[in-house]
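Visitor: I am new to this structure and would like to be shown around it with a few questions.

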Amino acid sequence: MFQDITIEECYELRNRRELVLIDVRSPSEYNEATIPGSLNIPLFDDQERAEVGTIYKQVNVQAAKERGLEIFSAKLPSFIKTFANIAENKTVFCWRGGMRSKTTATVLSLMGIRVYRISGGYRAYRQYVVDQLREIQFEPQSFVLHGNTGSGKTIILRDMKQNGHPVLDLEALAGHRGSIFGSIGLKSHNQKMFDSLLLDELQANAQSSHVLFEAESRRIGNITVPDLMTDLRARGQHIRLELPLEARVKQIIDDYKPWENIDECIRSFQIIKSRIHTPVAAEIQSSLMSEKYHSAVELLLTYYYDPKYSFSSNEHDEQISFVVKAANTDDARIQIEQIVNDVMEFKRIRP
């Protein structure tokens, strides 16, 4: 018979890489939000789930169960084979640890395939994430990167992560760059997935000596950054990055590749068009339409994003500890790494 395990037990086994998590909910439920790293082997696809749900509401529970059993029976051989091909220990879950995960675990157990089932399902996991983000103690020294749009903060963080520095890349976790144009070319995450991914990163870096992240606003696209990050920011070492306008324009064009996403760029521009002086807005739109991307980005930075950044910076009572003036992101990364190393060495000598 299968064994129920708690979210805490599941986390411990997963972090030791001793099991594979399998979400047996429908593809649309899985795509909306799941436990990070989970596979999706649905008991019912979206259409089948809708059909069973309709019978449940319009007829009765027994009729819904019978139709569900009929659908599942037809796919049973391939369903079992898919699980059998996964060699690792397996844990299944559905929305609240109900019929779908119980049916899956029971059938697999009868076929000699041992699985765990998460008690309470995804709903219990979601509550665990919310509680942990409210209660977790995260003590590493934080370094907060500031800088105008296009300063390359994200690419610097990613390069530093490759060099072994602990990093919380909030924009990557959100699937959004934090501006009106921020979702272009990316798959945005909802609040549930952002919170789950953030908790994984916090737990992975909890024992680190330090962590770096960008000075984001309270909102990144459609997600809200939890209070924990505000607290980390408040007690951090703040580094302001200054790059020449030309380097910033190049960085933005490299990031957004407007020639691949021109329709999205123009749609996003329409949202802020009215906030820009009319002649300038007309020139920006004309430049986008005529593929003069360098001109469009330069005008956007000069007349919209730089003034907006100056205004928002004044809203935070934060003491900038270091100013990095660099010709490009590589030069900036080298300087920031030196600052981090120096600060951490000083803390080691003078705890």
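The questions and answers below deal with a sheet and with a buried or exposed residue.

Visitor: How should the numbering and the model be read?
Guide: This is a predicted model, in which local features need pLDDT of at least 70 and side-chain atom pairs count only at pLDDT 80 or more, while totals for chains, interfaces and linings use all residues. Side-chain values use heavy atoms, with hydrogens and water left out, and residues are numbered from 1 along each chain as its sequence is written.

Visitor: Is I276 buried or exposed?
Guide: I276 lies in the loop between α12 (262-272) and α13 (278-289), where helices are DSSP runs of H or I with at least four residues and strands are runs of E with at least two, numbered from the N terminus. Leaving aside neighbours within four places in sequence, I276 is in contact (heavy atoms within 4.5 Å) with F269, A281, I284, L300 and Y304. Because its relative accessible area is 5%, and buried means under 20%, exposed over 50% and partly exposed in between (1.4 Å probe, protein chains only), I276 is buried.

Visitor: Which residue in β12 is the bridge partner of E242?
Guide: Five strands form an open sheet in the order β7-β8-β6-β11-β12, with parallel pairing, and the edge strands, each pairing on one side only, are β7 (167-168) and β12 (320-325). Two strands pair if DSSP finds at least two bridges between them, and β11 (residues 237-242) pairs with β12 in the parallel sense over five bridges. In β12, the bridge partner of E242 is K325.
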